[in-house]
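This briefing introduces a single protein chain to a reader who is new to structural work. Please keep the sequence and the structure in view while reading.

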Amino acid sequence: FWDDVNGWNNDWFQLDGQDMFAHGTQQVAAISHAPGKLDLFVIGTDNRVWTRFWTAGGGWHPSWVPIPGQAVFDHQAQHVSVVSRAPGLLDLFVLGFDNRAWTTFWNEGPGWNNEWFQLPGQAIFDHSRQHLAAVSRSIDNVDVFVLGLDNHAWTTFWGLREPMTLEVTIDQSSTTIPVQVGMHIAATDGIVTETAYSLTRDGIP
């Protein structure tokens, strides 16, 4: 470690504990989500994601602990990507055995989510060769990147959407009863939907 008073520590030292990981295939992901706090993540030989933390007041937690959930990942090929959107928030990402991107999260209040879950979408990637990279631009944004099977860079994102405005037009397609109309709804996010309605003589759906 390094600090602005003493500079670099004189030597490396082993973290206490009996837990061991596969140095030939694994890499530790480290992050700080607030001053005086560190979190480490690694995929264990049991294919579960393990974590350990350090605080300025209490030092290192006595041992590594597994992240909640039953999901397992390839410890021989995959590495965990971690990002902090704000103090007290952590998001983890990893490619699963199904070649889909998986995630879980931690909040300082309730703690860890109880299970990993897939990111939305049908895209798949090569978990045996590729790793996810994640970054946060603000508390309301996360961007994830990976190289696809087509050798292009792919991305997805999480974030709060801007308020949408809708433009609605109604076209009458018949003059008989029940009246047939088409409702066209265009949104500012580019999504257009069309719904057909039938009205009775009194105009009640």
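Which residues does arginine 85 touch, not counting residues up to four places away in sequence? They are Asp91, Ser136, Ser138, Ile139, Asn141, Val142 and Trp158. The model is predicted, and the points below begin with the whole chain before turning to individual residues.

**The chain as a whole**

- The protein chain has 18 strands and 0 helices.
- Of its 205 residues, 33% count as buried.
- The chain exposes about 13,500 Å², and carbon and sulfur atoms supply 57% of that area.
- Among contacts between residues at least 6 apart in sequence, 38% join residues at least 24 apart.

**Confidence of the prediction**

- The mean pLDDT of the protein chain is 85, and 78% of the residues reach 70 or more.
- Among the elements of the chain, strand E9 has the highest mean pLDDT, at 97, whereas strand E18 (residues 192–199) has the lowest, at 48.
- Over residues 192–205 the pLDDT is below 50. This stretch nevertheless has 24 contacts in the model beyond near neighbours in sequence.

**Arginine 85**

- Arginine 85 lies in the loop between E8 and E9.
- With a relative accessible area of 19%, arginine 85 is under the 20% limit and therefore counts as buried.
- Its side chain makes a polar contact of 3.1 Å with the side chain of aspartate 91.
- The side chain of arginine 85 also reaches the backbone oxygen of isoleucine 139, at 2.6 Å.

**Aromatic pairs**

- A pair of aromatic rings is described by two quantities, the distance of the centres and the angle of the planes.
- The model contains 7 aromatic pairs.
- In one of them, phenylalanine 73 and tryptophan 102 meet edge-to-face, with 6.5 Å from centre to centre and 70° between the planes.
- This pair links distant parts of the chain, since phenylalanine 73 is in the loop between strand E7 (65–66) and strand E8 (81–83), while tryptophan 102 is in strand E10 (residues 101–107), 29 residues apart.
- Phenylalanine 73 is buried, with a relative accessible area of 1%.
- Phenylalanine 73 also forms an edge-to-face pair with tryptophan 116, at 4.8 Å centre to centre and 65° between the planes.
- Here too the pair links distant parts of the chain: tryptophan 116 is in the loop between strand E11 (111–112) and strand E12 (117–118), 43 residues apart from phenylalanine 73.
- Tryptophan 116 is buried as well, with a relative accessible area of 5%.
- Phe73, Trp102 and Trp116 form one aromatic cluster.

**Nonpolar cores**

- In soluble globular proteins, nonpolar side chains tend to be buried together.
- The largest nonpolar core has 16 residues, of which Phe41, Val49, Phe73, Val82, Leu92 and Trp116 touch the most other members.
- Strand E3 (29–31), strand E4 (37–43), strand E9 (89–95) and E10 each supply at least two residues of this core.
- The largest share of this core comes from E9, with 3 residues.
- A second, separate core has 11 residues, including Ala134, Val142, Val144 and Val146.

**Threonine 104**

- Threonine 104 is part of strand E10.
- Is threonine 104 buried or exposed? At 0% relative accessibility, threonine 104 counts as buried.
- Leaving aside neighbours within four places in sequence, threonine 104 is in contact with Ile67, Leu90, Asp91, Leu92, Trp112, Asn113, Glu115, Trp116 and Phe117.
- Two of these contacts recur in other topics: Trp116 belongs to the aromatic cluster, and Asp91 makes a side-chain polar contact with arginine 85.

**Tryptophan 154**

- Tryptophan 154 lies in strand E15 (residues 153–159).
- At 39% relative accessibility, tryptophan 154 counts as partly exposed, because that category lies between the 20% limit for buried and the 50% limit for exposed.
- Not counting residues up to four places away in sequence, tryptophan 154 touches Phe125, Val144, Phe145, Val146 and Gly148. Val144 and Val146 are among the members of the second core.
- The side chains of tryptophan 154 and aspartate 150 are joined by a polar contact of 3.0 Å.
- Tryptophan 154 and alanine 123 are 31 residues apart in sequence, and their C-alpha atoms are 9.3 Å apart in space.

Definitions and conventions. Residues numbered from 1 in each chain as written. Predicted model: local features only at pLDDT ≥ 70, side-chain atom pairs only at ≥ 80, totals over all residues. Heavy atoms only, no water. Helix = DSSP H or I, 4+ residues; strand = E, 2+ residues; numbered from the N terminus. Buried < 20%, exposed > 50% of the residue type's maximum accessible area, 1.4 Å probe, protein only. Contact = heavy atoms within 4.5 Å. Areas by Shrake-Rupley, 256 points an atom, 1.4 Å probe, with all protein chains shown as cover. Phe/Tyr/Trp six-rings, centres within 6.5 Å; stacked < 30°, edge-to-face > 60°. Core = buried A, V, L, I, M, F, W, Y, C linked by side-chain atoms within 4.5 Å. pLDDT = per-residue confidence, 0-100. Polar contact = N/O pair within 3.5 Å; in protein donor to acceptor, adjacent residues only side chain to side chain.
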